Amino acid sequence: MDKLQGEVRMLVDGELVNAASGKTFDNVNPATEDVLGPVADGSAEDMARAIAAARRAFDETDWATNRGLRKRCLEQLQDALESEREELRSELVAEVGCPVLVTYGPQLDAPLEDGLRWPAKMIDEFAWERDLGEREAFGIPSRRRVWKEPVGVVGSIVPWNFPVEITINKLGQTLATGNTTIIKPAPDTPWNATRLGRLIAERTDIPAGVVNVVTSSDHLVGETLVTDARVDVISFTGSTVTGQRIMEKGAPTLKRVFLELGGKSVNLLLDDVDFATQLGAAAFTCMHAGQGCAIATRLLVPRARHDEAAEIVKAAFESVAYGDPTDAQNIMGPLVSAKQRERVLGYIEAGRREGAQLLTGGGRPARLPRGFFVEPTVFAHVDNSMTIAQEEIFGPVLVVIPYEDDDDAVRIANESRYGLSGMVTSGSEERALSVARRIRTGTLAVNGGVWYGADSPFGGYKMSGIGRQNGLEGFEQYLETKTIALPAR
Ligand code: NAD
């Protein structure tokens, strides 16, 4: 572990640079609380340089129009990332505290599979222009064509929980569509982003300024992207509160915003399900200590079978392997920071106070005195109006909520300000699908199906966000539409 040495420098205008101030801040391992090493502590001055570079690269190079170059660059970046895949894996485990097991899935290998490749393929397949044919308007016959063009400079703001997954999926679409960008990683997880910056500088033909990476310990350095008129779009993944602030601060420059925010998704088991075989999977709420926006954190079960479900889930949570994220047996490591741990413990306290029944967990594990760990925790007899059923905890906490019938289950599922994801399971696929269609969320897994993929739109209804990551819907968010009319021949 101690031989890990992350990239300290940022990528600004094609150069790997230290912060203008010369300052650095510490990258901390959340599983041990040890300092891993330093990273550049960028300021508003560094961000302004990066924005100017991205603007210039968009306005003055042929990046926006040269599809062949973009495709080649994405392929080079894919190769570069793959050549350092194992170093990246160790780095992610160390700085995110994510179990190595999860890096074989959504944390690393899944986005590396097609996060760049799918948008690169779209460069050839997407309909960049279309013919509307002739039409007479105000007595003037005209030919009309519609072109899709890049929006311009994209401010990409990334959280700490799945940093590579989110960065790669933003970057693939941003670059394939011909935009330039400034990537702003979360202060907790900067090295994966500075590594990406180094790979771009050293191993690809991506022109100077097309991609910039600015690290900072100060969240407000990210806000510069939102307020600066030279930035056209904010592609943000993070909390709903920050998303709201971005909309507000972006209003004076009429910023286009794409927001992937929080969730409080349900795992809904209909009354015909065999709990013994289906309920153990509820322990996946603890995957990566529950730090996933799409994780199902409300378990909805028929009231008549509540106690049966509670017993199975309690046993499943008590057998969750957790601790050292480098241990391949564990599905759960620490929370990312002491602050997040305290936040999660605060919600557990609220659950107790409001009268939910604590079945297991509820505190810091005595066997893990170092690191920001919280025990896998289950509350039963939860009413959907309770704080722990309404607010995103972002920790290894599951709430079991009883319902009366399918209509009541749908009502409870939808009685949330969030609408990101969810799961529905039934002995009948038809029944599960018809219930799933009534739940107002952006993605749903029915009877164990998996929606994840670069071609698959992912995002939220309601306060879970605006827009979609991935898929054609995501791709088009990075494009403007231009209609041109010419006189009819
Ligand atoms: P956060 O909103 O605090 O921070 C996210 C990013 O925004 C960080 O890079 C941070 O530095 C930056 N930031 C903070 N304040 C800012 C401001 N005023 N202006 C511009 N940038 C600012 O979120 P977090 O705590 O890092 O991440 C956890 C949240 O992210 C959870 O709510 C989770 O559900 C959500 N999330 C959503 C998705 C999704 O796709 N829907 C994916 C992952 C995480």
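This passage describes helix packing, nonpolar cores and a few individual residues in a predicted model.

A good place to start is the pairing of helix 2 (residues 67-83) with helix 8 (residues 191-203). The axes of these two helices lie 10 Å apart, and the packing angle is about 125 degrees. Angles from 65 to 115 degrees would count as roughly perpendicular and those over 145 as roughly antiparallel; helix 2 and helix 8 are therefore oblique to each other. The crossing of helix 2 past helix 8 is right-handed. On the helix 2 side, the contact is made by Gln-76, Leu-77, Asp-79, Ala-80, Leu-81 and Ser-83, which meet Leu-196, Leu-199, Ile-200 and Arg-203 of helix 8. Sorted by class, this contact comprises 6 nonpolar, 2 polar and 2 charged residues.

Attention now turns to the interior. The largest nonpolar core contains 59 residues, and within it Leu-268 and Val-382 have the most contacts. The element that gives the most to this core is strand 16 (residues 397-403), with 6 residues. Leaving aside residues up to four places away in sequence, Val-382 touches Ala-356, Ile-388, Ala-389, Val-399, Val-400, Ile-401 and Pro-402. Another core, of 46 residues, lies apart from the largest one; Leu-77, Val-164, Leu-171 and Ala-176 are among its members. Leu-77 will be familiar from the contact between helix 2 and helix 8.

Strand 16 also features in the surroundings of helix 15 (residues 406-414). In this helix, Asp-406, Asp-408, Ala-409, Val-410, Ile-412 and Ala-413 are buried. These buried residues pack against strand 16, and likewise against strand 12 (265-269), strand 13 (296-302) and helix 16 (429-437).

Two further residues bring together separate parts of the chain. Val-257 belongs to strand 11 (residues 256-260). Although Val-257 and Ile-466 are 209 residues apart along the chain, their C-alpha atoms are separated by 7.5 Å. Ile-466 is also one of the residues that Val-257 touches, together with Ile-234, Ile-246 and Met-247, when residues up to four places away in sequence are not counted.

The second of these residues, Ala-127, sits in the loop between helix 6 (117-125) and strand 5 (129-137). Its relative accessibility is 54%, and a residue is exposed when this value is over 50%, so Ala-127 counts as exposed. The C-alpha atom of Ala-127 is separated by 8.1 Å from that of Lys-148, which is 21 residues apart from Ala-127 along the chain.

Key
Residues numbered from 1 in each chain as written. Predicted model: local features only at pLDDT ≥ 70, side-chain atom pairs only at ≥ 80, totals over all residues. Heavy atoms only, no water. Axes fitted to C-alpha atoms, helices over the stretch in contact; angles between N-to-C directions. Helix = DSSP H or I, 4+ residues; strand = E, 2+ residues; numbered from the N terminus. Parallel < 35°, antiparallel > 145°, perpendicular 65-115°, else oblique. Left-handed = near helix turned anticlockwise from the far one by under 90°. Contact = heavy atoms within 4.5 Å. Nonpolar A, V, L, I, M, F, W, Y, C, P; charged D, E, K, R; others polar. Core = buried A, V, L, I, M, F, W, Y, C linked by side-chain atoms within 4.5 Å. Buried < 20%, exposed > 50% of the residue type's maximum accessible area, 1.4 Å probe, protein only.
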